[in-house]
Protein chains: 2
Amino acid sequence: MIDESHDPRTNLLLAALPDAEWLRWQSQIEAVDMPLGQVLCESGRTLSHVYFPTTAIVSLLYVMENGASAEIAVVGNEGIVGISLFMGGESTTSRTVVQSAGQGFRLKAKVMKDEFDRAGPVLHLLLRYTQALITQMSQTAVCNRHHSLDQQLCRWLLLSLDRLQGDELNMTQELIANMLGVRREGVTESALNLQRAGLIRYARGHIKILDREGLEQRSCECYEVVREEYRRLLPSTPAR
Amino acid sequence: MIDESHDPRTNLLLAALPDAEWLRWQSQIEAVDMPLGQVLCESGRTLSHVYFPTTAIVSLLYVMENGASAEIAVVGNEGIVGISLFMGGESTTSRTVVQSAGQGFRLKAKVMKDEFDRAGPVLHLLLRYTQALITQMSQTAVCNRHHSLDQQLCRWLLLSLDRLQGDELNMTQELIANMLGVRREGVTESALNLQRAGLIRYARGHIKILDREGLEQRSCECYEVVREEYRRLLPSTPAR
DNA sequence: GCCGATACGTGCGTCAGCGCACAGACGCGG
DNA sequence: CCGCGTCTGTGCGCTGACGCACGTATCGGC
């Protein structure tokens, strides 16, 4: 069941499991492909599994009545998708969708709940992760209120980058616009700014980061705050 | 220690405790006054207590480097202040401040943690509350992105109203502006709109709600979503 | 090597919210 | 009842983002 070329413990939560739990989980865990755009869970629906992305990135996206949307938070190899399962609510008001194709692992809902209810290290690990996620959501709220699109785009690129290996993203501006909850044209303009400044280069849905330092400079404080909080709360953070 | 005229179980989480836990807590719980503007916990600091507001309202406020601020969520008699204590992070990136003066109860951090770690009904109750709070934060992010100040003001008034008894608020427009993360003049204008429409009446920091129906109509969907989620996740919600 | 689909660029009028500056208006203490 | 501080109203120029419309470039497939 476990593919050699694809180590579950690339996911940092899985990596942080004590040996005892890891042994139990190994037989239950299942590798999955996560293609771009896949909806893991529709808003208001109950999850069948929790997901541990390894190379994929997942967005928590709120879709409004009129169709407009906004990303609430993003989950990569540092986290888990489906916290509502152990938080007790079963469902969320947001949609869970794969923002960057890749792989991950999943665990049946029932198994996850049982593990959580052992009230041991798994519980504490997951709750600390949840708090980090809460910080990310808070910061998203603040950022939406106060920062320019340029700054937000930087933050978003950096958050995505931290959850991938390498310095490239596959993302159309249209998609980014959906995530940020802004116009596609706005993203075009901001991306142009960044490109002109020599920070990124892109073409047809492929973005290459040229100057990460520069992006961090140009980003709002939100990125650093979130990153620092993940570092503080979790065993280790995605490689820079 | 317990003041007759002030029933702890006005707080809905306390009210939802099973008898066994309630008996244990009764001797530990302490009544506190919560004056307007009191900072229960500064961002990044560790809480000494968790708070259960009864008649007070508390805001989770993020204050940026440049001094601008934005409310992340609001907690009243339906909730608890200090979730980071049991989530495991000890501190939050946001400041906790009393937005509407009133009373509440508190419990020492250590006691709270021990109770949580019993991994019984208290844990599940608090986690469900936390998920409701997460929904509120998400919705704040979305609302900040997409909705007009008029709509947001309605949402904010309604959320506050749900956490108080009666139909009056004591709140200057300046304060509301800080919470919403907008200009004071903007609030003046929106408040005027609502007043002209006959929905509210106010003067010098005192707001009276005249037409709650109307406020709900004029509000964005965010209010209803949050309220519905609180209803779904928690034993009972603040009286309407 | 052409064609359609997809991705990106640009221009233009509009508007909500910002920053600033200042003017009434109410209310409390001396 | 006078005066000062607080709260609220208003005007004005500015800017970032919006909605819409259309132009251009690049890719993949037949």
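This briefing looks at how a protein meets two DNA strands, then at the fold of chain A. The model is predicted, so local features need pLDDT of at least 70 and side-chain atom pairs pLDDT 80 or more, while totals for chains, interfaces and linings use all residues. Side-chain values use heavy atoms, without hydrogens or water; residues are numbered from 1 along each chain as its sequence is written, with chains lettered from A and ligands numbered from 1 in the order written.

**DNA strand C**
- There are 15 residues around strand C, and A:Y202, A:R204, A:G205, B:L149 and B:R183 come nearest ("near" is a heavy atom within 4 Å of the strand).
- Sugar or phosphate makes up 56% of the atoms of strand C within 4 Å of the protein, and bases make up the rest.
- Two backbones reach phosphate oxygens of strand C: a polar backbone atom of A:Q173 at 2.9 Å, and one of B:L149 at 2.8 Å.
- A:R204 goes for a base instead, with a polar side-chain atom 2.9 Å from a base oxygen of strand C.
- Helix α8 of chain A (residues 184-196) gives the most to the surface near strand C, with four residues; helices here are DSSP runs of H or I, at least four residues, numbered from the N terminus.
- By class, that surface has four nonpolar, five polar and six charged residues, where Ala, Val, Leu, Ile, Met, Phe, Trp, Tyr, Cys and Pro are nonpolar, Asp, Glu, Lys and Arg charged, and the others, Gly among them, polar.

**DNA strand D**
- Around strand D there are 15 residues, with A:L149, A:R183, B:Y202, B:R204 and B:G205 coming nearest.
- Sugar and phosphate account for 48% of the strand D atoms within 4 Å of the protein.
- Polar side-chain atoms touch bases of strand D: A:E185 sits 2.9 Å from a base nitrogen, and B:R184 sits 2.9 Å from a base oxygen.
- B:Q173 uses a backbone N or O atom, 2.9 Å from a phosphate oxygen of strand D.
- Helix α8 of chain B (residues 184-196) is the top contributor to the surface near strand D, with four residues.

**Inside chain A**
- The domain assignment, automatic or from a database, gives domain 1 (8-118) and domain 2 (144-233).
- The C-alpha centres of these two domains of chain A lie 23 Å apart.
- In chain A, 15 residues of domain 1 are in contact with twelve of domain 2, contact being heavy atoms within 4.5 Å.
- The axes of α4 (residues 109-117) and α5 (residues 121-146) of chain A come within 6 Å and cross at roughly 105°; axes are lines fitted to C-alpha atoms over the stretch in contact, with angles from 0 to 180 degrees between N-to-C directions.
- α4(A) and α5(A) are therefore roughly perpendicular, a label for 65 to 115 degrees.
- On α4(A), the contact is made by A:M112, A:E115 and A:F116, and on α5(A) by A:V122, A:L123, A:L126 and A:L127.

Methods
Polar contact = N/O pair within 3.5 Å; in protein donor to acceptor, adjacent residues only side chain to side chain. Helix = DSSP H or I, 4+ residues; strand = E, 2+ residues; numbered from the N terminus. Parallel < 35°, antiparallel > 145°, perpendicular 65-115°, else oblique.
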